[in-house]
Amino acid sequence: MTSNIIKDFLKIPEKYYFIQQFNQSVIFASQRTKEYIGFQDPESKLKINNSTLTDIFLMTYINRSIQCKLAESISCTKMTEEQTILLGTDWVWAVYDTPSKNPKVQIAVQVIHMDSKEDQATEMRSQVTESMKLARQETINKTHPEKISDFCSSIGKDCYGLFLFFGRKDDPKTICGVLSNDFHTHLGNGHEVDNTFLLDCIEKAKTFVTPGRMLELILQKEGVPESLKPICVKFTQ
């Protein structure tokens, strides 16, 4: 009995250590991305496009997480362009069970840029492959939020969708998000999961949690088939 208590006690610092490191890595990536979101060229000749902002966030996070030796606890998988079109997902964080290396929980991330015109222009300039055309045709009747909701629902309640906003109209330099494992139910009840709904969640939020607290809440529900109502996360300080 005493031995089990000691083992449980020793597990606690390890758990909170990787949550803390995850939190620091995500906030570091957010702050770096914020620098580029707020960048203004005096001659208005240079503007960083949205896909580059996503890559800056992701590569900064990955570099920092490698330095913190997080790979054994949390993986970060970037989707291909075809996968993003099909699944509505830019990348997936997976928290592993250390002995088995199986994912305990997953967070599918979809980045939303408020400047939709720039998104369209970037897409037109990008090289469209045959597989990308097929992927678009396959999901032509689904919005990106519907795709990520279907993706998370197909995996189960331990897969959470995170809509990550780079900028808001009232605060263009902020990075915040809305997370839940129940967007699919909302859609199934005939409601929309779009920018209006997500921004409404953010505007009505009384409190914002940190990325670390977000991970804690998810892990508390690990293995429990319960829905998590949308929670709002603040990534920039």
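Here is a short tour of this protein chain, from its overall make-up to its sheet and the helices beside the sheet. The model is predicted. The protein chain contains 9 helices and 6 strands, and the 6 strands join in an open sheet.

**The chain as a whole**
- Of the 237 residues in the protein chain, 42% are buried.
- The protein chain exposes about 13600 Å², and 52% of that area is supplied by carbon and sulfur atoms.
- Take the contacts with a separation of 6 or more: 66% of them link residues that are 24 or more positions apart.

**The sheet**
- Strands of a sheet pair through backbone hydrogen bonds, and the pairing can be parallel or antiparallel.
- In this sheet the pairing is mixed, and the strands follow the order β1-β2-β3-β4-β5-β6.
- The edge strands are β1 (74–78) and β6 (231–234), each of which pairs on one side only.
- On average, neighbouring strands of this sheet are turned by 25° against each other, with direction ignored.

**A strand pair to look at**
- Strand β3 (residues 103–113) pairs with strand β4 (residues 159–166) in the parallel sense, over 8 bridges.
- To find a spot in this pairing, look for I112, which stands opposite F165 in β4.

**Helices across the sheet**
- Helix α6 (residues 144–155) lies across β2 (91–96), β3 and β4, and runs at about 180° to β3.
- Helix α8 (residues 195–204) lies across β3, β4, β5 (175–180) and β6, and runs at about 85° to β4.
- Strands β3 and β4 thus appear in both lists: helix α6 lies across them, and helix α8 lies across them too.

Conventions:
Residues are numbered from 1 along each chain as its sequence is written. This is a predicted model: local features need pLDDT of at least 70, side-chain atom pairs count only at pLDDT 80 or more; totals for chains, interfaces and linings use all residues. Side-chain values use heavy atoms; hydrogens and water are left out. Helices (H or I, at least four residues) and strands (E, at least two) are DSSP runs, numbered from the N terminus. Buried means under 20% relative accessible area, exposed over 50%, partly exposed in between (1.4 Å probe, protein chains only). Contact means heavy atoms within 4.5 Å. Accessible areas come from the Shrake-Rupley method with a 1.4 Å probe; for residues, only the protein chains shown count as cover. Two strands pair if DSSP finds at least two bridges between them. Axes are lines fitted to C-alpha atoms, for helices over the stretch in contact, and angles run from 0 to 180 degrees between N-to-C directions.
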